[in-house]
Amino acid sequence: MKKFSLSLVVAATLAFSFGGTAQAAANVKHQQECGSCHVAYPPGLLPAASWARIMGGLNKHFGTDASLDESTTRDIGNWLQVNAGSGRRSEEPPQDRISKSNWFVRQHDEVSASTFKRASIGSAANCSACHAGAAKGDFNEHAVRIPK
Ligand code: HEC
Ligand code: HEC
């Protein structure tokens with residue numbers, strides 16, 4: 001796993017130096033660093049201000065320490081800013097939790113609190129438990145599968 005991740009970084013760095021974009025490299029870093037404990041949440045699901053607070057407080061991240069080195073924090077942070085949500089996704093939810101956004105609560109009104117707490121799910125933040133395509137930003141309602 002470590003080896004695989006490292007080669008992705010190398011590939012992204014090469015792509016960058018051979019004319020790729022800094023965005024692509026930051027996207028890879030985001031998938032790696034922000035996708036190890038939970039799905040790497042698509043940037044469009046939170047507004048820029050929420051991402052800024054999250055990236056500014058990684059040492060106290062929802063009860064855990066998710067600190068990164070300075071340059072990785074800066075690269076991922078900039079990428080999140082550029083790709084942050086806008087329009088109906090510009091609401092800053094309580095605790096900067098996607099799962100506390102009004103739109104999220106509305107879309108999940110049919111899912112009970114006890115369902116979210118099932119051992120197979122854990123919490124509403126565990127998008128990929130029910131949305132298999134979550135890491136790719138695919139939340140299509142027709143592909144939802146709630147585990148028992
Ligand atoms: C060491 C593990 C770990 C790492 C690494 C990590 N997180 Fe988290 N993150 C958590 C935990 C734990 C929660 C709370 C999950 C829950 O409530 O079930 C969380 C929650 C979140 C939430 C709120 C989810 C919601 O809607 O309730 C966001 C947004 C988030 N993380 C973003 C990030 C970003 C961005 C990064 C990378 C810079 C990152 N996380 C890296 C552990 C981690
Ligand atoms: C317990 C299972 C479960 C979890 C966990 C979950 N969802 Fe959902 N999600 C659903 C269900 C059920 C629907 C409603 C499908 C429908 O309307 O038929 C839904 C709908 C959605 C929709 C609307 C899709 C559409 O096509 O209209 C979005 C967007 C979405 N979820 C995002 C998320 C995100 C982001 C997370 C994690 C922060 C998450 N979900 C966590 C079950 C879940």
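Student: In this predicted model, which residues coordinate the iron atom of ligand 1?
Tutor: The model is a predicted one, and its iron atom of ligand 1 is coordinated at 2.0 Å through NE2 atoms. One of these residues lies in the loop between α2 (22-33) and α3 (48-56) and the other in the loop between α3 and α4 (70-83), so the pair ties together parts that are 23 residues apart in sequence. The two residues are His 38 and His 61.

Student: What is the geometry of the site of the iron atom of ligand 1?
Tutor: Ideal angles at a metal are 90 or 180 degrees for six octahedral donors, and 109.5 degrees for four tetrahedral ones. The iron atom of ligand 1 has six donor atoms, with angles of 87 to 179 degrees among them. The site is therefore classed, under a rule that wants opposite donors over 155 degrees apart and all others between 65 and 115, as octahedral.

Student: Is His 61 buried or exposed?
Tutor: The cut-off for a buried residue is under 20% relative accessible area. His 38, with a relative accessible area of 27%, is partly exposed. His 61 has a relative accessibility of 14%, and therefore counts as buried.

Student: Which polar side chain has an atom 2.7 Å from an oxygen atom of ligand 1?
Tutor: Among the polar contacts of ligand 1, a nitrogen atom of the ligand is 2.8 Å from an N or O atom in the side chain of His 38, and a polar side-chain atom of His 61 lies 2.8 Å from a nitrogen atom of the ligand. The contact at 2.7 Å involves an oxygen atom of ligand 1, and the side chain that supplies the polar atom is that of Arg 97.

Student: Which element gives the most residues to the shell around ligand 1?
Tutor: There are 22 residues around ligand 1, and Cys 34, Cys 37, His 38, His 61 and Ser 123 come nearest. By class, this shell has 13 nonpolar, six polar and three charged residues. The element that gives the most to it, with three residues, is α3.

Student: Which residues coordinate the iron atom of ligand 2?
Tutor: The coordination again runs through NE2 atoms at 2.0 Å, and the six donor atoms, with angles of 87 to 180 degrees among them, make the site octahedral. One of the residues lies in the loop between α5 and α6 (113-116) and the other in the segment after α6, so the pair ties together parts that are 23 residues apart in sequence. Both residues are buried. They are His 108 and His 131.

Student: Which residue has a backbone N or O atom 3.1 Å from an oxygen atom of ligand 2?
Tutor: On the side-chain side, a nitrogen atom of ligand 2 is 2.8 Å from an N or O atom of His 108, and a polar side-chain atom of His 131 lies 2.8 Å from a nitrogen atom of the ligand. The backbone contact, at 3.1 Å from an oxygen atom of ligand 2, belongs to Glu 141.

Student: Which helix supplies the largest share of the shell around ligand 2?
Tutor: The shell around ligand 2 holds 19 residues, divided by class into 12 nonpolar, five polar and two charged. At least three residues come from each of domain 1 (2-107) and domain 2 (108-148). The largest share, three residues, comes from residues 102-107, that is, from helix α5.

Student: Which residue has a side-chain polar atom 2.7 Å from the backbone nitrogen of His 142?
Tutor: The residue in question is found in the segment after α6. At 39% relative accessibility it counts as partly exposed. The side chain whose polar atom lies 2.7 Å from the backbone nitrogen of His 142 is that of Asn 140.

Student: Where is Phe 62, which has a positive phi although it is not a glycine?
Tutor: Most residues other than glycine have a negative phi. Phe 62 has a positive phi of about 45 degrees, and at 41% relative accessibility this residue counts as partly exposed. The place of Phe 62 is in the loop between α3 and α4.

Student: What is the phi of Asp 96, about how many degrees?
Tutor: Asp 96 lies in the loop between α4 and α5, and at 11% relative accessibility this residue counts as buried. Although Asp 96 is not a glycine, its phi is positive, at about 55 degrees.

Conventions. Residues are numbered from 1 along each chain as its sequence is written. Chains are lettered from A and ligands numbered from 1 in the order in which they are written. This is a predicted model: local features need pLDDT of at least 70, side-chain atom pairs count only at pLDDT 80 or more; totals for chains, interfaces and linings use all residues. Side-chain values use heavy atoms; hydrogens and water are left out. A residue is near a molecule or strand if one of its heavy atoms lies within 4 Å of it. A polar contact is a pair of N or O atoms within 3.5 Å; within protein, one must be able to donate a hydrogen and the other to accept it, and residues adjacent in sequence count only if both atoms are side-chain atoms. Helices (H or I, at least four residues) and strands (E, at least two) are DSSP runs, numbered from the N terminus. Ala, Val, Leu, Ile, Met, Phe, Trp, Tyr, Cys and Pro count as nonpolar, Asp, Glu, Lys and Arg as charged, and the others, Gly among them, as polar. Domain bounds come from an automatic or database domain assignment. Donors are N, O and S atoms within 2.8 Å of the metal (3.2 Å for Na, K and Ca); water is not among the atoms, so sites may look incomplete. Four donors count as tetrahedral if all angles lie between 85 and 135 degrees; four count as square planar and six as octahedral if opposite donors are over 155 degrees apart and all others between 65 and 115; anything else is irregular. Buried means under 20% relative accessible area, exposed over 50%, partly exposed in between (1.4 Å probe, protein chains only).
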